[in-house]
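Work through the exercises below with the structure open. Try each task before you read its solution.

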Amino acid sequence: MKKSIQFSILITLFFILNSCIIQNPKPEECVVIETTLLKIKEGSTFDIVFFDRSDRYYINRGIELGLILDSLNAKVLNKTVTLHLPKVLGGMATSEHIAQLAVGNEIIFTEFN
């Protein structure tokens, strides 16, 4: 009996953690927000981190993907941008991971195929 409860807990934890992994996000699986980005910096593991007034967002391994901080500063700093942020935990929460970044009609970065 005790082993079956432990197994059930492990399976539940696995599915919860697995739902937090973002792989091949789709536009319909994202929350779309508009915000003004006030700061950009390189984060750990080659991420690019963006800050608005109250939150932080990131492009996973953006430096490795060929994005350049100086170019991003010129394009998005102090401008209103549209971010697509994947939903996690079955849609109960929103990630800080940027799946798409756009300024007006210009897509600066996208993971959408």
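## Exercise 1: One residue in the core

**Task.** List what Val-76 touches, leaving out residues up to four places away in sequence.

**Solution.** Keep in mind that this is a predicted model.
Step 1. Find Val-76 and look around it. Its contacts are Leu-37, Ile-40, Phe-50, Val-81, Leu-101, Val-103 and Ile-108.
Step 2. Place Val-76 in the wider picture. The largest nonpolar core has 17 residues. Phe-50, Val-76, Ile-98 and Leu-101 touch the most other members.
Step 3. Ask which elements build this core. Those giving two or more residues are β3 (48–51), β4 (56–59), α2 (69–76), β5 (80–88), β7 (100–103) and β8 (106–110). The largest share, three residues, comes from β5.
Step 4. Link this to a general trend. In soluble globular proteins, nonpolar side chains tend to be buried together.

## Exercise 2: The strand β5

**Task.** Decide whether β5 is largely enclosed or open. Then find the strands that β5 is joined to.

**Solution.**
Step 1. Count buried residues, taking buried as under 20% relative accessible area. In β5, seven of the nine residues are buried, so this strand is largely enclosed by the rest of the structure.
Step 2. Start with β1, residues 30–36. Seven bridges join β1 to β5, and the two run antiparallel. As an example, Thr-35 has Val-81 in β5 as its bridge partner.
Step 3. Go on to β7. Three bridges join β5 to β7, again antiparallel. Here His-84 is partnered by Gln-100 in β7.
Step 4. Finish with β6, residues 93–94. Two bridges join β5 to β6, and these strands run antiparallel. Lys-87 has Thr-94 of β6 as its bridge partner.

## Exercise 3: Rings and charges

**Task.** How many aromatic pairs does the structure hold? Which charged end sits over the ring of Phe-51?

**Solution.**
Step 1. Search for ring pairs. The structure holds zero aromatic pairs.
Step 2. Turn to Phe-51. The charged end of Lys-39 sits over its ring, 5.3 Å from the ring centre.

## Exercise 4: The whole protein

**Task.** Describe the secondary structure, the buried share and the exposed area of the protein.

**Solution.**
Step 1. Count elements. There are two helices and eight strands.
Step 2. Read along the sequence. The pattern is α-β-β-β-β-α-β-β-β-β.
Step 3. Check burial. Of the 113 residues, 31% are buried.
Step 4. Look at the surface. The protein exposes about 7400 Å², and carbon and sulfur atoms supply 56% of it.
Step 5. Consider contacts between residues at least 6 apart in sequence. Of these, 51% join residues at least 24 apart.

Key: Residues are numbered from 1 along each chain as its sequence is written. This is a predicted model: local features need pLDDT of at least 70, side-chain atom pairs count only at pLDDT 80 or more; totals for chains, interfaces and linings use all residues. Side-chain values use heavy atoms; hydrogens and water are left out. A nonpolar core is a set of buried Ala, Val, Leu, Ile, Met, Phe, Trp, Tyr and Cys residues joined through side-chain atoms within 4.5 Å. Buried means under 20% relative accessible area, exposed over 50%, partly exposed in between (1.4 Å probe, protein chains only). Helices (H or I, at least four residues) and strands (E, at least two) are DSSP runs, numbered from the N terminus. Contact means heavy atoms within 4.5 Å. Two strands pair if DSSP finds at least two bridges between them. Rings of Phe, Tyr and Trp (its six-membered ring) pair if their centres lie within 6.5 Å; planes under 30 degrees apart count as stacked, over 60 as edge-to-face and the rest as tilted. A charge sits over a ring if NZ of Lys or CZ of Arg is within 6 Å of the ring centre and within 35 degrees of the ring normal. Accessible areas come from the Shrake-Rupley method with a 1.4 Å probe; for residues, only the protein chains shown count as cover.
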